[in-house]
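Please open the structure in your viewer and keep the selection tool at hand, since this tour moves from one selection to the next.

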Amino acid sequence: MKKVYLAIILICCFLVSCSKEESIVEDTNYHLSCSIDGVAMTFNVNSGAVELNDNGSWLLGFGGINADSANAATLAIGIYATQPGIKVPAGTYTDNGTSFQLMSTFSDVFNQVDYNAGQEMYNIAQDAGATIANHLQVQVTELNDKFIRGNFSGDYYESSEIEGSIKRITNGDFYLLIQQ
């Protein structure tokens with residue numbers, strides 16, 4: 001009997017998905033890309049996004065890997081709600097926000113160095129009396145239970161050292177599935 005129900009459910013799903021009135025052409029050009037110091041890079045291996053709720057504290061995170069090898073570079077961005085019970089909505093986020101904190105890491109695995117941007121770097125710069133030329137900014141233009149879309153840019157500092165080497169990330173663009 002369970003097999004019959006399963007077959008009926010599958011047939012119904014197929015018919016609904018084939019219906020002209022209900023069909024939606026889905027854009028499947030999922031990607032995470034940017035320019036790092038002027039060099040175009042994509043992070044499409046194991047890329048994706050996730051919404052996590054840890055005892056009422058919400059995180060919206062996304063990232064990917066640029067190659068399927070041991071020396072691949074990774075890029076990850078997280079937006080944390082600072083108040084419990086508030087989900088991260090679509091909007092513009094900066095490294096000096098108060099309701100939402102922005103954190104990001106670009107890991108150059110081959111050279112074994114991490115470059116960081118976001119709230120932590122903003123705080124380090126403030127404490128050191130230094131200026132960040134290009135603050136990390138993430139704009140989430142679309143967000144639903146299936147995907148996230150937007151853009152980002154900013155300066156990333158080697159090993160979280162404000163006087164360290166900088167990787168300038170520009171033209172960041174993302175359209176990623178939210179993992180369920």
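What follows is a walk through a predicted model, with a selection to make at each stop.

Begin by colouring the chain by pLDDT, which averages 86 here, with 86% of the residues scoring at least 70. Then select residues 1-23, where pLDDT stays under 50 and where the model has two contacts beyond four places in sequence. Where pLDDT is low, the predicted coordinates should not be read in detail.

Next, select helix H2, which covers residues 119-128, and show its side chains: Gln119, Met121, Tyr122 and Ala125 are the ones to look for as buried residues. These residues span an arc of only 165° around the axis, and therefore they lie on the same side of H2. If you turn the view to the face directed away from that buried side, you will find the exposed residues Asp127 and Ala128. To see what covers the buried residues of H2, add strand S7 (100-108), strand S8 (113-118) and S10, which are among the covering elements. Just after the helix comes Gly129, and its phi is positive, near 70°.

From here, move to Ser160, in the loop that joins strand S10 (147-158) to strand S11 (166-177). Is Ser160 buried or exposed? Its relative accessible area is 15%, and because buried means under 20%, Ser160 counts as buried. Leaving aside residues up to four places away in sequence, Ser160 touches Asn116, Glu120, Met121 and Ile124. Met121 is also one of the buried residues of H2 that you selected before.

Now display the aromatic side chains, among which the structure holds seven aromatic pairs. Select Tyr30, Phe147 and Tyr175 together, since these three form one aromatic cluster. Keep Tyr175 in view and add Arg149, which lies over the face of that tyrosine, at 3.8 Å from the ring centre. For another charge over a ring, go to Trp58, where the charged end of Lys87 sits over the ring, 4.9 Å from its centre.

The last stop concerns the backbone. Most residues other than glycine have a negative phi. Select Asp37, which is not a glycine and yet has a positive phi of about 50°; it is placed in the loop between strand S1 (31-36) and strand S2 (39-42), and it is partly exposed, with a relative accessible area of 43%. Finish at Asn46, also not a glycine, with a positive phi of about 55°. Asn46 is found in strand S3, residues 45-54, and at 67% relative accessibility it counts as exposed.

Technical notes:
Residues are numbered from 1 along each chain as its sequence is written. This is a predicted model: local features need pLDDT of at least 70, side-chain atom pairs count only at pLDDT 80 or more; totals for chains, interfaces and linings use all residues. Side-chain values use heavy atoms; hydrogens and water are left out. Rings of Phe, Tyr and Trp (its six-membered ring) pair if their centres lie within 6.5 Å; planes under 30 degrees apart count as stacked, over 60 as edge-to-face and the rest as tilted. A charge sits over a ring if NZ of Lys or CZ of Arg is within 6 Å of the ring centre and within 35 degrees of the ring normal. pLDDT is the predictor's confidence in each residue, from 0 to 100. Contact means heavy atoms within 4.5 Å. Helices (H or I, at least four residues) and strands (E, at least two) are DSSP runs, numbered from the N terminus. Buried means under 20% relative accessible area, exposed over 50%, partly exposed in between (1.4 Å probe, protein chains only). The arc is that of the directions from the helix axis to the C-beta atoms.
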